[in-house]
Amino acid sequence: MKNKSQKTGRNALCPCGSGLKYKRCCGSRGAPAAKDAESIYARRYNIRLKKASDVEAIRKAGRLVMETLDLVESRIEPGLVTEEINTLVHKFTIKNNGVPAPLNYRGFPKSVCVSVNEVICHGIPGPYALKDGDIVNVDVTTILDGYYADANKSFWVGTPSPDAKKIVDVARESLKRGIAIVKPGNTVGDIGWAIQTWAEDNGCSVVREFVGHGVGFDFHESPQIPHFGRRGQGIELIPGMVFTIEPMINLGDHSLRILKDNWTAVTRDRSLSAQFEQTLVVTEDGSEILTPYDL
């Protein structure tokens, strides 16, 4: 999801519309009582909290997402054409009564994003055949019974180079550390801080332009989840929030450019990039991953 977040200064008017300064309004408030949470978070942040029945439906969609990714992983090898990945994802999703959410979303022409090497995200499947040593990220979003789940994984093709191994390992651990932060009382900024600190301590960088996002009722919902930030800043996490964490980590600089197809984002310095993503729900005492796989 494209990052549109703006930092609210403590003396600025609160974005909730109260007319008060941020420091006297939402900036000084903790999480609301459970009975008021749904209406308050909807009004303040346009966040739609999920009930237990919603979470179960997203969990079901998440199982199909993971079955799809497992199928793709079993076929990854040198010579596999990225268009064949698209065909595999599309047919398997339809066969299992799902809908591939990317297809025709804002004009996206395929059923899955496939991003290779320096492609950060939103790679369009086509005639490219995977080569030994490539990194390939496959990003699957599925609609099942009206609910969305979203996950992606980066894979080595054949034998990885030292750089390819490093960036995939750092990206994987970045997601793991972001997820570990998620519990009631922590903030969106805490998640970004954990990811950014790990990535930069390992000599890598975090993409700013694309972020995690709420999901479940729609493909992209509030809140945005930047993969960089400061501890204690941003929206406080409360039970019922469902969102993705999906850090895009570059081996070189975090700058990017968009190709002429208006979708494919690549590293400006042509360095390798890797990403992992999961959908999760904030629970009473932590979080539950709704698209579970081992990190």
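The questions below ask what justifies the terms used for this predicted model.

Because the model is predicted, local features need pLDDT of at least 70 and side-chain atom pairs count only at pLDDT 80 or more, while totals for chains, interfaces and linings use all residues. Residues are numbered from 1 along each chain as its sequence is written, and side-chain values use heavy atoms, with hydrogens and water left out.

Q: What makes S4 and S5 a pair of strands?
A: Strands are DSSP runs (E, at least two residues), numbered from the N terminus. Two of them pair if DSSP finds at least two bridges between them. S4 (residues 135-144) and S5 (residues 147-156) are joined by 10 bridges and run antiparallel, so the definition is met. One example is Thr 141, which stands opposite Asp 150 in S5. The hairpin of S4 and S5 has 2 residues between the strands, and Asp 145 there takes a positive phi near 55 degrees.

Q: How do you know that strand S1 also pairs with S4?
A: S1 (residues 99-100) is joined to S4 by 2 bridges, and the requirement is at least two. Val 99 stands opposite Ile 143 in S4. Strand S2 (residues 113-116) pairs with S4 over 4 bridges, in the antiparallel sense; there Val 116 stands opposite Val 136.

Q: Why is S4 called mostly covered?
A: Buried means under 20% relative accessible area, exposed over 50%, and partly exposed in between (1.4 Å probe, protein chains only). By that test, 10 of the 10 residues of S4 are buried. Ile 135, Asn 137, Asp 139, Thr 141 and Ile 143 point one way, and Val 136, Val 138, Val 140, Thr 142 and Leu 144 the other way. In a regular strand the side chains alternate between the two faces of the sheet.

Q: What makes S6 and S13 edge strands?
A: Each pairs on one side only. The open sheet has the order S6-S10-S13, with antiparallel pairing. S10 (residues 248-250) pairs with S13 over 3 bridges, and Asn 250 has Ser 273 as its bridge partner in S13.

Q: What makes a set of residues a nonpolar core?
A: The members are buried Ala, Val, Leu, Ile, Met, Phe, Trp, Tyr and Cys residues joined through side-chain atoms within 4.5 Å. The largest such set has 74 residues, and Met 241, Phe 243 and Ile 245 have the most contacts inside it. Helix H2 (residues 52-75) gives the most to this core, with 9 residues. A second, separate core of 7 residues includes Ile 120, Val 207, Met 248 and Leu 256.
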